[in-house]
Amino acid sequence: MHSSQQYEINMNKTGLQLAERARDLVHSKAWHLLTKEEKKFVRNHYMGRQVFRGFYTDLQLSRLLTMLLKPLAGRLLEPSCGTGRLLEYLDRSKLQIVCCEIDRQAASICKSIYPEITLLTGDTLAKIDELRSQFDYVLANPPWGLRVNQYYDKYELFNVTPEKRSTALFLELCINALKPGGKCAIILPESYKSEEFSSVNNYVQNSSAVLAEIHFPKHVFFSSNILVSGYILILEKTTSFRNSYISSLDSWDINDLDWNEKLIENIVCEFENSQNSGKQ
Ligand SMILES: C[S@@+](CC[C@H](N)C(=O)[O-])C[C@H]1O[C@@H](n2cnc3c(N)ncnc32)[C@H](O)[C@@H]1O
């Protein structure tokens, strides 16, 4: 597997400097010797390896995903955890959390920040049998645009073009890892809706119900030094009909965190109403 598709890298100098400082801190001393403030700094600014598409989720976006997924108790999988940004707002005392990550440095930071998780290192795509139907929840921002050359004969979606395979196969793995009735929140690229992804869309439609589809504009990932737009999908592994809530984060403002909080509250409230009206 190697990096192929290029996304627009945002020349956010401050972000790059902060990431360098975070990396220096990690290399300067053992984790337990870092102060509380230094640990928080690493959590907020460490960037993973670009060769593995290590662009980590903005923490406000992470909160939105957790609020939409609402994982209260049970088993949760994060299949490509990086430093664990998607774990920050989970009630970790009530969940059994399994995380996977190929980048050992990022994985070790994740385990240091969130020692209660079970961490599996290495290639998650090779673990599909081990993970199958094991989880009540999956929370994922998988690597997009990584060329997958290795032959994974267990995947129905292996036939998508090599550049799209990492997105497609991770999505298949996430749905596969759910128990029947389990739910997944996943971040996908804009191209998910394109013709090239039609087989992926069909796979999603046949294996799950889309509870929510929320578009996000490029600048939402500004703090991760990449400019990419895409979708947050909330899926339920079921063949029954479910209401589908459609929305967008177009008014997201990187300079106004309070505004984003209001936007998040509003979206979560609308989403919950749409789910409740589907039950009547
Ligand atoms: C877009 S980042 C997201 C990280 C984290 N989920 C987050 O939201 O902040 C994708 C992650 O996938 C990891 N990754 C790439 N290929 C992988 C593979 N085959 N198995 C496991 N992890 C992988 C990268 O190292 C990177 O940390």
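**Group meeting: the sheet and its helices**

Okay, let's start with one pair: glutamate 101 has threonine 121 in S5 as its bridge partner. Strands here are DSSP runs of E with at least two residues, helices are runs of H or I with at least four, and both are numbered from the N terminus. Before I go on, this is a predicted model, where local features need pLDDT of at least 70, side-chain atom pairs count only at pLDDT 80 or more, and totals for chains, interfaces and linings use all residues. Residues are numbered from 1 along each chain as its sequence is written.

So, S5 runs parallel to strand S4, residues 95-101, and 4 bridges join them; strands pair if DSSP finds at least two bridges between them. Both belong to an open sheet of 8 strands with mixed pairing, in the order S5-S4-S3-S6-S8-S11-S9-S12. Why is one side of S5 and of S12 left without a neighbour in the sheet? Because S5 (118-121) and S12 (245-248) stand at the edges, each with a single partner strand.

Now the ligand. It is surrounded by 23 residues, and the closest are Phe52, Tyr56, Ser80, Gly82 and Asn141; near means that the C-beta atom, placed from the backbone, lies within 6 Å. That shell has 11 nonpolar, 7 polar and 5 charged residues. Nonpolar is Ala, Val, Leu, Ile, Met, Phe, Trp, Tyr, Cys and Pro, charged is Asp, Glu, Lys and Arg, and the others, Gly among them, are polar.

Last bit, the helix contact. Leu18, Ala19, Arg21, Ala22, Leu25 and Val26 in H1 meet Glu38, Phe41, Val42 and His45 in H2, contact being C-beta atoms, placed from the backbone, within 7 Å. Those contact residues divide into 7 nonpolar, 1 polar and 2 charged.

Conventions: Contact = placed C-beta atoms within 7 Å.
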